[in-house]
Structures are given as structure tokens and as C-alpha cells.
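Q: Please take a close look at one part of this model. I would like its surface described, along with its setting in the chain.

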Amino acid sequence: MFGIGVPELILILVVGLIVFGPGKLPEMGRTLGKGIREFRKASNALTAAINAPEPPPVQPTQPAPQHSVSSEPAAEQQTASPTMETAAAAVEAHAAAQNAPDAENKA
């Protein structure tokens, strides 16, 4: 570990004990341990992100297929997929229904 042997580690602990005192030394050790743990997590996450395979490129979407004639009744087709043509037909039918009572009143 970093080329530090047992004698060097004991010397570092003795100096730390003298500088920080016996009350602060366990707290300093916990803080140092948490820092090292977080650093390892971050480095492992970075390594995993670098080594992860790239997702395949996104293919452009295909245009929607044209509506074909099916065996469904016409009313179900209109409610299932309204189009501009059915909307225009509905507007024309509504206008004709509103104009019909006016024609009866004039006659």
C-alpha cells in the first residue's frame, strides 16, 4: 500500500496522536475512511462508465403506414383513427343540419 511499511505507518500514527490528540484521532480516522470509500466509489463508477458499451445509434422513425380498407364497420374506423377528411365531413354535416331548419322556416 503506497510503499509504506509497518515502521513508517507506526511513525505516522504516533505523529498524528501527538498533533491531534487521543480524542480527535478516531474521528479523523473515520473521516479519512469515508473519504477514501467515496473516492473508490467515484473511480469505480467512472471506470464502469468508460468501459460500458455504447448504445446502438437511434434509427430514424418510419412514416406511419397509410390506412387501408379493413373489415371494420365505418363508424368504428372513424372513432379509431379520425382524419382530416372525416373531420371535414363532420363539419359539412353539422352545417347542413343547421341550415335545414332555416329552409323549413322559409317555406
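**A close look at helix α1**

Q: Which residues make the nonpolar surface patch, and which gather in the patch of positive charge? Please set both against helix α1 (residues 6-51).

A: This is a predicted model. Start with the whole. The protein has three helices and zero strands. From the N terminus, its elements run α-α-α. Of its 107 residues, 2% are buried. The accessible surface comes to about 10,100 Å². Carbon and sulfur atoms account for 66% of that surface.

Now the helix. Helix α1 spans residues 6-51. A UniProt annotation, from an unreviewed entry, marks residues 6-25 as "transmembrane region". In the model, that stretch is 100% helix and 0% strand. Its end C-alpha atoms lie 19 Å apart.

Next, the nonpolar patch. It covers about 880 Å² of surface. Its members are V6, I10, L11, V14, V15, I18, V19, F20 and M28. Take I10 as one of them. I10 sits in helix α1. Its relative accessibility is 49%, so I10 counts as partly exposed. The cut-off for exposed is over 50%.

Then the charge. R30, K34, R37 and K41 gather in a surface patch of positive charge. K41 also belongs to helix α1. K41 counts as exposed because its relative accessibility is 52%.

To draw this together: helix α1 holds I10, a member of the nonpolar patch. Helix α1 also holds K41, a member of the positive patch.

Notes
Residues numbered from 1 in each chain as written. Predicted model: local features only at pLDDT ≥ 70, side-chain atom pairs only at ≥ 80, totals over all residues. Heavy atoms only, no water. Patch = residues over 30% accessible without salt bridge, like charges linked within 9 Å, V, L, I, M, F, W, Y side chains within 5 Å. Areas by Shrake-Rupley, 256 points an atom, 1.4 Å probe, with all protein chains shown as cover. Salt bridge = Lys/Arg side-chain N within 4 Å of Asp/Glu carboxyl O. Helix = DSSP H or I, 4+ residues; strand = E, 2+ residues; numbered from the N terminus. Buried < 20%, exposed > 50% of the residue type's maximum accessible area, 1.4 Å probe, protein only. UniProt positions renumbered as here; feature names shortened; annotations may be inferred. Lys, Arg positive; Asp, Glu negative; His and termini not counted. Charge placed at Lys NZ, Arg CZ, Asp CG, Glu CD.
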